[in-house]
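This report concerns the salt bridges of one protein model and the residues that form them. Please consult the sequence and the three-dimensional view while reading.

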Amino acid sequence: MGSGAETARETVEYLNARGEKVGLLMVRLYRPFDARLFAQALPRTVRAMAVLDRTKEPGALGEPLYLDVVAALQEAGAGVPSSLNPRIVGGRYGLSSKEFTPAMVKAVFDNLSGPEPKNHFTVGIDDDVSHTSLSYDREFSPEPDAVKRAIFYGLGSDGTVGANKNSIKIIGGEYPRLRARLLRL
């Protein structure tokens with residue numbers, strides 16, 4: 001759901017191209033949450049799911065989307081294959097405004113494929129209190145080596161945002177492959 005879904009989609013496409021059997025179901029409308037349609041959207045072959053929330057609800061049994069997914073599969077009823085009984089784990093990402101990278105998505109899939117996947121995990125920060133963090137390979141990237149990255153910083157109200165936009169236009173006009181990549185974003 002949200003911006004994390006695009007990162008997950010890119011990673012799923014990369015992993016599928018290399019023979020891994022992983023998938024993604026993007027939630028585009030959270031409320032009202034249609035349990036029946038959600039359950040029907042899942043392929044019959046799904047065996048395990050990780051539900052990612054970008055929030056932490058201390059004291060709750062789980063985060064909001066995770067709880068709705070668990071309830072949806074429990075209560076969906078008609079139209080849902082009786083064989084659809086996947087293992088469901090929940091996790092948190094993007095806490096403290098941390099970036100959510102393809103390496104973190106891969107860590108979620110790696111956790112899910114283990115014999116006892118960690119539930120109620122955190123990815124992207126080192127949770128040194130509850131020790132629920134998933135470790136991930138910071139070097140993993142689905143991008144080809146030819147891709148070049150740049151970070152533009154802007155404070156706003158000082159002209160840097162406009163200057164950065166102009167820099168991107170210049171770079172995009174100068175380098176056709178970079179321009180094609182920027183247009184996909």
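Arg 9 and Glu 13 are four residues apart in helix α1, so about one helical turn separates them. In this predicted model, their side chains meet in a salt bridge, with a distance of 2.9 Å from N to O. Glu 13 is partly exposed, at a relative accessible area of 46%.

Arg 9 also has a partner on the other side of the sequence: its side chain meets that of Glu 6 in a salt bridge of 2.8 Å, N to O. Glu 6 and Arg 9 both belong to helix α1, which covers residues 3–17, and they are three residues apart, again about one turn of the helix. Glu 6 is partly exposed, with a relative accessible area of 37%, and Arg 9 is likewise partly exposed, at 31%.

A further pair is found in helix α4, residues 102–113, where Lys 106 and Asp 110 lie four residues apart, about one turn of the helix. The side chains of Lys 106 and Asp 110 form a salt bridge at 3.2 Å, N to O. Asp 110 counts as partly exposed, with 40% relative accessibility. Returning to helix α1, salt bridges with shared partners join Glu 6, Arg 9 and Glu 13 into one network.

The structure holds five salt bridges, among them those in the table.

| Salt bridge | Distance, N to O |
|---|---|
| Glu 6 and Arg 9 | 2.8 Å |
| Arg 9 and Glu 13 | 2.9 Å |
| Lys 106 and Asp 110 | 3.2 Å |

Terms used. Residues numbered from 1 in each chain as written. Predicted model: local features only at pLDDT ≥ 70, side-chain atom pairs only at ≥ 80, totals over all residues. Heavy atoms only, no water. Salt bridge = Lys/Arg side-chain N within 4 Å of Asp/Glu carboxyl O. Helix = DSSP H or I, 4+ residues; strand = E, 2+ residues; numbered from the N terminus. Buried < 20%, exposed > 50% of the residue type's maximum accessible area, 1.4 Å probe, protein only.
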